[in-house]
Amino acid sequence: MAKQEDKFKSVISHAKEYGYVFQSSEIYDGLSAVYDYAQNGVELKKNIREYWWKAMVQMNENIVGLDSAIFMHPTTWKASGHVDAFSDPLIDNKDSKKRYRADVLIEDYVGKLDTKIEKEVKKAAKRFGDSFDKTQFLETNPRVLGYKEKGNAILKRMGQSLEKEDLADVKALIEELGIACPLSGSKNWTDVKQFNLMFGTKLGASAESAMDLYLRPETAQGIFVNFLNVQKTGRMKIPFGIAQTGKAFRNEIVARQFIFRMREFEQMEMQFFIKPGTQQEWYKHWKDARLKWHLSLGMGEDNYRFHDHEKLAHYADAAADIEFRFPFGFKELEGIHSRTDFDLKAHEEHSGKKLQFFDHEENKSYVPYVLETSIGLDRMFLAVFSNSLQEEELENGTARTVLKLPSVLAPTKAAILPLVKKDGLPEVARKIVEDLKWDFAVSYDEKDAVGRRYRRQDANGTPFCITVDHDTLEDNSVTIRHRDTMEQKRVPISELKSIIEEEVSMKNWLLRM
Ligand code: GAP
């Protein structure tokens, strides 16, 4: 556990030191669970967004984009159920006066059981060596099965109690499991209460005429209310999807996990409109498709798993999370939800407008069902960043910190380094920067010895370093060094563009899907 905490701390400090993520309003001591993306972070975030957009919109003829406003008519949120049901079950510790999400306290408890399972696996792998069969061990080891059974039973009971709004049982579960306040160790809990997560604001100049608004807690509703406009103007036929990325706002209570859970964050969502009755087939399709997208980034198959929901949101008839192994354990990264016709029907009722599709094959109109994929951009950023940050022991006994970002996402693709700041080398290096910058984000770095510059670029996540030396002046060749292998090769300047392109092109990465 301490190791996990250390890793998480180093992720946060590296993100700050290398210009990825800053605490918002830091000079005023910051604002809790609100963050700013700095010069490198903004590029990484943009690249993740683009990687998602290309896979989702550009590569699918029947999915189009949208950019709807953050402010929406307040009835939207009544219709969507957010006014009545978008709340978290909260519990206070009477001694520490700290407030927690009751479900998160219970999930963290189950997370500890998962950690115990991982420890058993590690121990057994050491004991059995090459003959160790992890799948078989997970399916047969009595201790592992015991932990799994216990975890599943706890989550099932919690899901059922939340579903029934039986908050007294959620409190009883916390007490039965002996869960203590992480801060004080006290088990002196209040009752569990529901708390709405939407931020309110006002539109209008005078107090009398002002209209109460909410900052959107998800981007999805902007898609639903535009369903008919897009379907008609785009002449879209079912099945088709509408995708958008944008800010969402939630007054989160558990706000101590860096950019994992923020109060202002960005979502990348896609609503896929389908014929009623086909939702199971499309649910499976999108679960597979989204996992493939994640795996294409090469961050390790073992780092992902599905978690099928016991407790379904008010709009869903099936839901699963793609969970990722964050530094603090497996947690939700993306949701795939079968939302039925809940949202469109609710908007029909509240707006009095028909939100239907005329199916020529069936010769009838119907309210489409919806399959949703929803991923937090910031959470994806954290997954990529934390998984990439590595401390490596080198053969010569030294160590290096390297940010092994998937090169397609790296903020800077290549750093151009003149070996020395004289003899015409900076001029040649600058010329290479000028040529490459039309196609890639590149940087120029001449400060410090070249070894230090390599380390700095490694820690920054730059996939290539290109060094200009005195031989370059003679033969127009440079040394290109690869971040991950540290391998160095001599290549003609004229080949740089194709070498970098081969490694970082979105096409090559997306083809792995
Ligand atoms: N439209 C469906 C929806 O919003 P959700 O499970 O509440 O579903 C979807 O959110 C995704 O948005 C999550 O899987 C997560 O990646 C991201 N997300 C949700 N709340 C977040 C928060 N407070 N901070 C950062 N990301 C968040």
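**The ligand site and the sheet around it**

In this predicted model, a polar backbone atom of Gly 376 lies 2.9 Å from an oxygen atom of the ligand. On its own, the ligand has 560 Å² of accessible area, and the protein covers 92% of that area. Two side chains also make polar approaches to the ligand: Arg 250 places a polar side-chain atom 2.8 Å from one of the ligand's oxygen atoms, while Glu 252 has a polar side-chain atom 2.8 Å from a nitrogen atom of the ligand.

Which elements give two or more residues to the shell around the ligand? They are strand 10 (264–274), strand 13 (329–340) and strand 16 (369–376), and it is strand 13 that supplies the largest share, with six residues. There are 22 residues around the ligand, and those that come nearest are Glu 218, Arg 250, Met 262, Glu 269 and Glu 332. Sorted by class, the shell around the ligand holds 10 charged residues, seven nonpolar residues and five polar residues.

From the ligand, the reader can turn to the sheet. Strands 10, 13 and 16 belong to an open sheet of seven strands, whose order is 3-9-10-16-13-12-11 and whose pairing is mixed. Strand 3 (63–65) and strand 11 (304–308) each have a single partner strand and stand at the edges, so each of them has one side left without a neighbour in the sheet. From one strand to the next, the twist averages 25°.

In general, the strands of a sheet are paired through backbone hydrogen bonds, and the pairing can be parallel or antiparallel. Here, strand 9 (residues 240–249) and strand 10 run antiparallel and are joined by 10 bridges. Within this pairing, Gln 244 has Glu 269 of strand 10 as its bridge partner, and Glu 269 is also one of the residues that come nearest to the ligand.

Aromatic rings offer another way to follow the structure, with a count of 24 aromatic pairs. One example is formed by Tyr 304 and Phe 324, whose ring centres are 5.1 Å apart and whose planes stand at 65°; planes over 60 degrees apart count as edge-to-face, so this pair is edge-to-face. Because Tyr 304 lies in strand 11 and Phe 324 in strand 12 (residues 318–326), the pair ties together parts that are 20 residues apart in sequence. This returns the reader to an edge of the sheet, where strand 11 has a single partner strand.

Technical notes: Residues numbered from 1 in each chain as written. Predicted model: local features only at pLDDT ≥ 70, side-chain atom pairs only at ≥ 80, totals over all residues. Heavy atoms only, no water. Near = heavy atom within 4 Å. Polar contact = N/O pair within 3.5 Å; in protein donor to acceptor, adjacent residues only side chain to side chain. Areas by Shrake-Rupley, 256 points an atom, 1.4 Å probe, with all protein chains shown as cover. Helix = DSSP H or I, 4+ residues; strand = E, 2+ residues; numbered from the N terminus. Nonpolar A, V, L, I, M, F, W, Y, C, P; charged D, E, K, R; others polar. Pairing = 2+ DSSP bridges. Axes fitted to C-alpha atoms, helices over the stretch in contact; angles between N-to-C directions. Phe/Tyr/Trp six-rings, centres within 6.5 Å; stacked < 30°, edge-to-face > 60°.
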